[in-house]
Amino acid sequence: MSVILGSISEGLLWGLLAMGVYLTYRILNVADMTVEGSFALGASLVSRLIFEFAMAPWLATLLSFVIGASAGLITGLLHTKLKVPALIASIITMTGLYSINLRILGQANLPLLSQNTLVTQMRQFIQDKTLAVIVIGIIIVVAIVALLKWFFDTQIGLAIRATGDNYMMSEANGINTDWTKIIGFMVANGLVGLSGGLLTQNNGYADVNMGVGAMVIGLASVVIGEAIGKNLTFVKRLLAIVLGSIIYRMLLLLVLELNFNPNDVRLFSALILAIALGVPAVRKHGKKVVKNSLTSKEA
């Protein structure tokens with residue numbers, strides 16, 4: 001039971017990253033590799049601020065969103081102003097962030113063993129660490145979903161949605177698509193940085209390589225979440241993605257429980273994503289085969 005609760009607690013925090021991936025992958029219609037750098041960037045900043053300067057955890061966590069958004073700003077400017085393809089722009093930013101993360105940390109990893117964090121503060125009220133993290137995760141997820149609902153109902157938010165749906169039509173209607181893309185990148189990577197900042201407080205350390213594979217984790221969570229239900233409202237879709245993140249963590253837990261080598265976790269992550277992405281195509285092909293067979297029988 002404790003292991004399942006652990007998966008739920010981590011899934012809630014990873015769900016913020018999944019929401020960020022959803023904003024770029026589904027709303028802006030872009031595969032943004034910046035997340036692998038901005039995730040570690042948020043984690044590195046929070047770890048250094050708490051370890052070195054004993055900053056209040058809530059303020060360090062807030063700054064993880066800000067610095068993640070700044071990474072998204074760089075990708076957005078490269079893409080819109082320098083006309084670098086979105087995928088290439090995100091890879092450039094991701095590559096540069098590795099060195100920046102090393103400079104922030106000052107070393108390959110930085111522990112938070114005896115420092116004051118959001119988790120230790122919550123444990124003053126809830127003794128069990130896992131339950132404390134679940135409460136933190138629920139509070140932050142609900143707050144973020146509410147803020148995203150409000151933001152994407154504003155004029156700017158609707159313009160971002162329109163840009164992702166039909167870029168050419170949006171420009172024809174007078175929308176500054178460059179800025180809507182930049183804002184979209186910033187909000188998405190801000191969420192990713194926030195996820196990194198929270199997870200480093202949960203894990204008790206930050207590592208320069210902790211963002212490796214973050215894109216796969218985010219995409220898998222999005223795909224699993226979308227499989228839960230179709231034609232959902234924006235809020236329900238975001239919550240489904242968080243649930244997809246929790247399910248994904250449980251699938252990884254199942255892999256470990258079956259005594260597979262822990263070094264193969266990333267391989268299984270890739271397989272889960274490949275299967276999740278391939279199911280709709282297989283289902284569509286199956287329906288087509290059935291339809292063709294029925295048509296041939298009628299003929």
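A crossing of two helices is left-handed if the near helix is turned anticlockwise from the far one by less than a right angle. The exercises below use a predicted model.

**Exercise 1. Describe how helix 1 and helix 6 pack, and give the hand of their crossing.**

Step 1. Start with the descriptors. Two packed helices are described by the angle between their axes and the distance between the axes.

Step 2. Read off the values. Helix 1 spans residues 2-27 and helix 6 spans residues 129-151. Their axes lie 8 Å apart, at an angle of about 25 degrees.

Step 3. Classify the angle. Angles under 35 degrees count as roughly parallel. Helix 1 and helix 6 are therefore roughly parallel to each other.

Step 4. Add the hand. The crossing of helix 1 and helix 6 is left-handed.

**Exercise 2. Find the residues where helix 1 meets helix 6, and sort the contact by class.**

Step 1. List the helix 1 side. Residues here include Leu5, Gly6, Ile8, Ser9, Leu12 and Leu13. Leu16, Met19 and Leu23 in helix 1 also take part.

Step 2. List the helix 6 side. Among them are Thr130, Leu131, Val133, Ile134, Gly137 and Ile138. Ile140, Val141, Ile144, Val145 and Leu148 in helix 6 belong here too.

Step 3. Sort by class. The contact of helix 1 with helix 6 holds 16 nonpolar residues, four polar ones and no charged ones.

**Exercise 3. Count the aromatic pairs, then classify the pair of tryptophan 14 and phenylalanine 39.**

Step 1. Count. Ring centres must lie within 6.5 Å to pair. The count comes to three aromatic pairs.

Step 2. Classify. The rings of tryptophan 14 and phenylalanine 39 have centres 4.9 Å apart and planes at 15 degrees, so this pair is stacked.

Step 3. Place the partners. Tryptophan 14 is in helix 1 and phenylalanine 39 is in helix 2 (residues 35-53). They are 25 residues apart, so the pair links distant parts of the chain.

Step 4. Check burial. The cut-off for buried is under 20% relative accessible area. Tryptophan 14 is buried at 11%. Phenylalanine 39 is buried at 0%.

**Exercise 4. Classify the pair of phenylalanine 151 and phenylalanine 152, and name their cluster.**

Step 1. Classify. The ring centres of phenylalanine 151 and phenylalanine 152 are 5.2 Å apart and the planes stand at 85 degrees, so the pair is edge-to-face.

Step 2. Check burial. Both phenylalanine 151 and phenylalanine 152 are buried.

Step 3. Name the cluster. Phe151, Phe152 and Phe234 form one aromatic cluster.

Conventions. Residues numbered from 1 in each chain as written. Predicted model: local features only at pLDDT ≥ 70, side-chain atom pairs only at ≥ 80, totals over all residues. Heavy atoms only, no water. Axes fitted to C-alpha atoms, helices over the stretch in contact; angles between N-to-C directions. Helix = DSSP H or I, 4+ residues; strand = E, 2+ residues; numbered from the N terminus. Parallel < 35°, antiparallel > 145°, perpendicular 65-115°, else oblique. Contact = heavy atoms within 4.5 Å. Nonpolar A, V, L, I, M, F, W, Y, C, P; charged D, E, K, R; others polar. Phe/Tyr/Trp six-rings, centres within 6.5 Å; stacked < 30°, edge-to-face > 60°. Buried < 20%, exposed > 50% of the residue type's maximum accessible area, 1.4 Å probe, protein only.
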